[in-house]
Amino acid sequence: MLRYFKKYVWAAYALSVLIPAASLAAFSLVMGGNVVKTLPGLFSSLMLFFACLYVMPRLMGQLADRKAEQLVSLYNDGCDPDAFRAQAAAPARAIGEPYTEAGSWFLSFYALALADGGQVEEAARIGEGLRASAAQAQDERERAALLVNMEPVVQRLLGARPALGAVEEAERLLEGDSSAETAQRRNFLAWERGVLEARLSGDDGVLAPKLAHVRETEGYPLRMRVLAAADEAAVRRRQGDGARERECLRFVVENGNRLPAVPEARARLAELGK
């Protein structure tokens, strides 16, 4: 849970006290006496209190996680970095170093949105915090998670080679771990390594179908699909495939909303005469 949303937990603890107190007051009024003074009343009061204490923080924690996911969805699904930056600024400022896994997850998107808005220095500051937090992490799985979260920021700000270094280090840290969560991370890292290696080697024959797969697969966040389409358009241009370049550019324009790739794609389509 992000630190900014811990207010939901405090609210949960407050409700854990208020709900039993209000219920007992109402029941005592109906019964015409203080029910806590009776053994059954005392037992019921304690059961209600502990039930609330168990349930309410969990419910509020889930609510806090959903709120963070809704904020990120403005960027990932709505392709609106401006709205995301505006609403995510306060939660992002509340995250202190060293970053936790949840904090690094949120800040990685925030840093990318800052870069989209031209705030590269602030994005780089967050990127440095991500790197330092990963270096300080004692648990190897936690360090790997931080590296996975920071990789898109590294790629955006520093390029493919440093990003590949982060991927390879995360893969090394996850060796021997057979958990389902680690398997998902390994799959992501293997995919990223393939894309990065193709970029670095200039192998458009490998890179193009990988980018096309992301663009065409609805399971990916729309922002990732739009960015893959923009990258694929550049590859198709190098390959001299005008039809597929146009297809990719139209996808960017039709789906990219307020992402910086949209005006660039629109300008290129105008050059091509649509």
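Here are some notes on this predicted model, point by point.

1. Overall fold. The protein chain has twelve helices and zero strands. Following the sequence from start to end, the pattern reads α-α-α-α-α-α-α-α-α-α-α-α. Of the 274 residues in the protein chain, 41% are buried.

2. Main nonpolar core. You may like to begin with the largest nonpolar core, which holds 53 residues. Within this core, Phe 84, Phe 106 and Tyr 110 have the most contacts. Helix H4 supplies the largest share of the core, with nine residues. A further core of eight residues lies apart from it, and its members include Val 195, Ala 198, Leu 211 and Val 214.

3. Aromatic pairs. The count of aromatic pairs comes to five. One of them joins Phe 84 and Tyr 110: the ring centres are 6.4 Å apart and the planes stand at 75 degrees, so this pair is edge-to-face. Phe 84 belongs to helix H3 (residues 81-93) and Tyr 110 to helix H4, so the contact ties together parts that are 26 residues apart in sequence. Both Phe 84 and Tyr 110 are buried.

4. A pair inside one helix. Trp 105 and Phe 109 also form an edge-to-face pair, with 5.6 Å from centre to centre and 85 degrees between the planes. Both residues lie in helix H4, four residues apart, which is about one turn of the helix. Is each partner buried or partly exposed? Trp 105 is partly exposed, because its relative accessible area is 29%, whereas Phe 109 counts as buried because its relative accessibility is 13%. The cut-off behind that call is that buried means under 20% relative accessible area.

5. The aromatic cluster. Both of these pairs belong to a wider picture: Tyr 75, Phe 84, Trp 105, Phe 106, Phe 109 and Tyr 110 form one aromatic cluster. Phe 84, Phe 106 and Tyr 110 are also the residues with the most contacts inside the largest nonpolar core.

6. A charge over a ring. If you are looking at aromatic side chains, please have a look at Trp 191 too. The charged end of Lys 210 sits over the ring of Trp 191, at 4.5 Å from its centre.

7. The largest pocket. This pocket has a volume of about 1600 Å³. It is lined by 48 residues, and Pro 152, Glu 192, Arg 223, Met 224 and Leu 227 are the closest to its centre. Which elements give two or more residues to the lining? They are helix H2 (39-76), helix H4 (101-116), helix H6 (140-158), helix H8 (180-201), helix H9 (204-216), helix H10 (222-239), helix H11 (242-255) and helix H12 (261-272). By residue type, the lining divides into 27 nonpolar, six polar and 15 charged.

8. The second largest pocket. About 280 Å³ of space lies here. There are 17 lining residues, of which Gly 127, Arg 131, Met 150, Val 154 and Leu 158 are the closest to the centre of the second largest pocket. Helix H5 (120-136), H6 and helix H7 (160-173) each give two or more residues to this lining. The lining residues divide into twelve nonpolar, one polar and four charged. Helix H6 therefore deserves a look in both places, as an element that gives two or more residues to the lining of the largest pocket and of the second largest pocket.

Key. Residues numbered from 1 in each chain as written. Predicted model: local features only at pLDDT ≥ 70, side-chain atom pairs only at ≥ 80, totals over all residues. Heavy atoms only, no water. 1 Å grid on protein atoms, 1.4 Å probe; cavity = no way out; pocket = protein on both sides within 12 Å on 5 of 7 lines; lining within 4 Å. Points joined across faces, edges and corners; volume = space filled by probe spheres on them. Nonpolar A, V, L, I, M, F, W, Y, C, P; charged D, E, K, R; others polar. Core = buried A, V, L, I, M, F, W, Y, C linked by side-chain atoms within 4.5 Å. Buried < 20%, exposed > 50% of the residue type's maximum accessible area, 1.4 Å probe, protein only. Phe/Tyr/Trp six-rings, centres within 6.5 Å; stacked < 30°, edge-to-face > 60°. Lys NZ or Arg CZ within 6 Å of the ring centre and 35° of its normal.
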